[in-house]
Amino acid sequence: MRDNFDNRLFKMAKREQMILPKELAEEIDESIRRLTAEGTENRITGSTVRGTAGERAGGTAKSRKKKRMNFRRSLILAAALASLFSVTAFAAAGALKQRMEAMNKEKLEEYFVQIHSSFMGADNYNRSYTDEERERMDELRISYEEQGLFPEGELTMLDEAEDYKGKNVAFFKKTSTFFFPEKEMSDEELLQIIDFYAKREYSLQKMNEMIAAGEADFPKEAKPTVPDEVTDFSVLDSSAVFQPEQALTIAYTGGLSLQAVAAGTDCILLAGRNTIHRMEIGSGDSVLLYDGFDENTLITALCQDGEGNVYAGVLKETSDEYEVGLTVIDKNGSFLKEIDMSPYMKNGALSIGDKPGNGYIRQMMADERYLYFRGRGFQDADFLLIIDKEGNMVSQMTSGKYFADWIYGMCIGKDGKPYTVVSDENNRFGIAAINPGKGTLEEVYPAIVSEDTISLDLIGPGYDADFVLWGYSGSFSFNRNETAATQVTPVYEMPCPAEGSLRLVLPDGRFVFVHCSEYRSYTTQNGDEGHERIPEKNILLLPAGNQEPIGQPVGKILTMIDKKIFSY
């Protein structure tokens, strides 16, 4: 029993893995010498053990000696450990601080540049942590922070995703993606991940402090870089532009600073300040469709119905507030009407700068009869607002068993029904059809993607699937006769940044993302300052309609970047 106690104490000491201050080590040594020299039997047992009484109390003299010596050893060790534990947190914090401060400026910049040059605004993973890995990760993080338990090595940094060969743990800087081996990760590998997080966080804070103090410049490399090779005009001038598998690079020459984009029935709709353009698929030039808005009008969402009419959700800026509006124009750009949205909005629902507003239209879509809205400030419609095309109320949907954030995608399916992305009480994402007349969900397809999927911002009819979806975990396809979606493109194959991008889905299943690498400032008529995308720095991205699974050599993403569109 006492041997087990000894072993537990020594294991506790071993787990500490501390480098002790010299003074403490000397103090412990002195304590041990003192206890050894001071008649240990009396001090430990409280009495002198002799003859048969000792045997009756504890067996043979040899066993008694063993018990006495083990117990003495245990007390000495326990006293030493008490001293150790009293300084563990202090010593470990000091060791961790030293580890962080040991990074030179070059290493700090390396982590800093990685954060700012990544295409994704969040970390991604080629597979989920197992439950056992998560449990050990939590334990090891405590040991790392409180006991100074550090890894022997570092993560492998990848220049390309395909460089990962399935061994050890690696990190693809371009899209902030961790690559884990299929087998259970070791403690060393988990510690490398923890260490990477700590160094990255420290580097971000330290570099920001140095830049603010004028001790360092903002690194020029700290921004995303994208390819810019232009597709030959012979391809762009052919039917190849309509083939989902065709890789394209198209120069954008429309000159519009983009605020919103949407899929038209046979084109791409683009919105800038007070202006709407349309762009043919395969062309790099966008042309004016409508510019009859008031001077300070922010276009926040667009959609087009089967008749070709275009609906523009807007925020009208006055000297003291923002007000939600809905403008309707025909397919030729002629003004049709304004629909009053004020009965459906909450006054003071949000603020933009110093000005209050009654809401914000984030997404909208149209079927043959109705218009569907998602955003902020809708009265009794945190899930969805549905009105007819004359502006009359149809239904107001609120969250219940299923929830929908304002960024969750929605679309008109191949069957003509409206669909939306939903999440359940466990934050698992699925799809549901909408019954507009009743204001209810039907045909719910729950939990179709893995539990670690980060949002699903886009949904649309697929090229050869019922639906395609995109989120910060990549793109997926889904058929209603299935129980789970199939991942088509992993997030680490994104050819340009997703953070800050505008997004849409074309009728053929290709996604469109718009990202800008550089902004400029402007001042409104009311004297308010704002920022807008520089036209030639805008990025449009469209995942292809071909729904082959991951690993097939098919075109997957069409993008427009710095006047160019890429398809992968």
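This report walks through one strand and its neighbours, some aromatic contacts, and two of the empty spaces in the structure. Keep in mind that the model is predicted.

**Strand S17 and its partners**

Let's start with S17, which covers residues 384–388. Here 5 of the 5 residues are buried, so the strand is largely enclosed by the rest of the structure. Its side chains split in two directions: Leu384, Ile386 and Asp388 point one way, while Leu385 and Ile387 point the other way. Both sets are buried, the aspartate included.

S17 has a strand paired with it on the S16 side, where S16 (residues 370–376) runs antiparallel to it over 4 bridges. One of the contacts here has leucine 371 with isoleucine 387 of S17 as its bridge partner. S18 (residues 393–397) is also antiparallel to S17, again joined by 4 bridges. Within that pairing, leucine 384 has methionine 397 of S18 as its bridge partner. S17 and S18 make a hairpin with 4 residues between the strands, and glycine 391 takes a positive phi near 100° there.

**Aromatic contacts**

The ring count comes to 22 aromatic pairs. One of them joins tyrosine 125 and phenylalanine 178, whose planes are at 10° with the centres 5.4 Å apart, so the pair is stacked. Tyrosine 125 belongs to S1 (residues 124–125) and phenylalanine 178 to S4 (residues 177–179), so this contact ties together parts that are 53 residues apart in sequence. Another pair, phenylalanine 403 with tyrosine 408, is edge-to-face, at 6.1 Å centre to centre and 85° between the planes.

How accessible are the four rings in these two pairs? Here are the values, with the class for each residue.

| Residue | Relative accessible area | Class |
|---|---|---|
| Tyrosine 125 | 32% | partly exposed |
| Phenylalanine 178 | 0% | buried |
| Phenylalanine 403 | 36% | partly exposed |
| Tyrosine 408 | 8% | buried |

Tyrosine 125 and phenylalanine 178 also belong to one aromatic cluster, along with Tyr111, Tyr129, Phe171, Phe180, Phe196 and Tyr197.

Charged side chains get in on the ring contacts as well. Lysine 355 lies over the face of tyrosine 322, 5.8 Å from the ring centre. Back on S16, which spans residues 370–376, arginine 374 has its charged end over the ring of phenylalanine 383, at 5.3 Å from the centre.

**A pocket and a cavity**

Now for the empty space. The second largest pocket holds about 380 Å³ and has 20 lining residues. Tyr125, familiar from the stacked pair, is among those nearest the pocket centre, together with Asn126, Arg127, Asp452 and Ser473. S1 and S26 (486–490) are the elements that give two or more residues to this lining. By residue type, the pocket lining divides into 9 nonpolar, 7 polar and 4 charged.

As for enclosed spaces, there are 4 cavities of 30 Å³ or more. The second largest cavity has a volume of about 50 Å³. Which residues line the second largest cavity? They are Glu110, Tyr111, Gln114, Met157, Phe171, Lys173 and Phe196. Among them, Tyr111, Phe171 and Phe196 turn up in the aromatic cluster as well. H6 (residues 105–117) supplies the largest share of this cavity lining, with 3 residues. The split here is 4 nonpolar, 1 polar and 2 charged.

Terms used:
Residues numbered from 1 in each chain as written. Predicted model: local features only at pLDDT ≥ 70, side-chain atom pairs only at ≥ 80, totals over all residues. Heavy atoms only, no water. Buried < 20%, exposed > 50% of the residue type's maximum accessible area, 1.4 Å probe, protein only. Pairing = 2+ DSSP bridges. Phe/Tyr/Trp six-rings, centres within 6.5 Å; stacked < 30°, edge-to-face > 60°. Lys NZ or Arg CZ within 6 Å of the ring centre and 35° of its normal. 1 Å grid on protein atoms, 1.4 Å probe; cavity = no way out; pocket = protein on both sides within 12 Å on 5 of 7 lines; lining within 4 Å. Points joined across faces, edges and corners; volume = space filled by probe spheres on them. Nonpolar A, V, L, I, M, F, W, Y, C, P; charged D, E, K, R; others polar.
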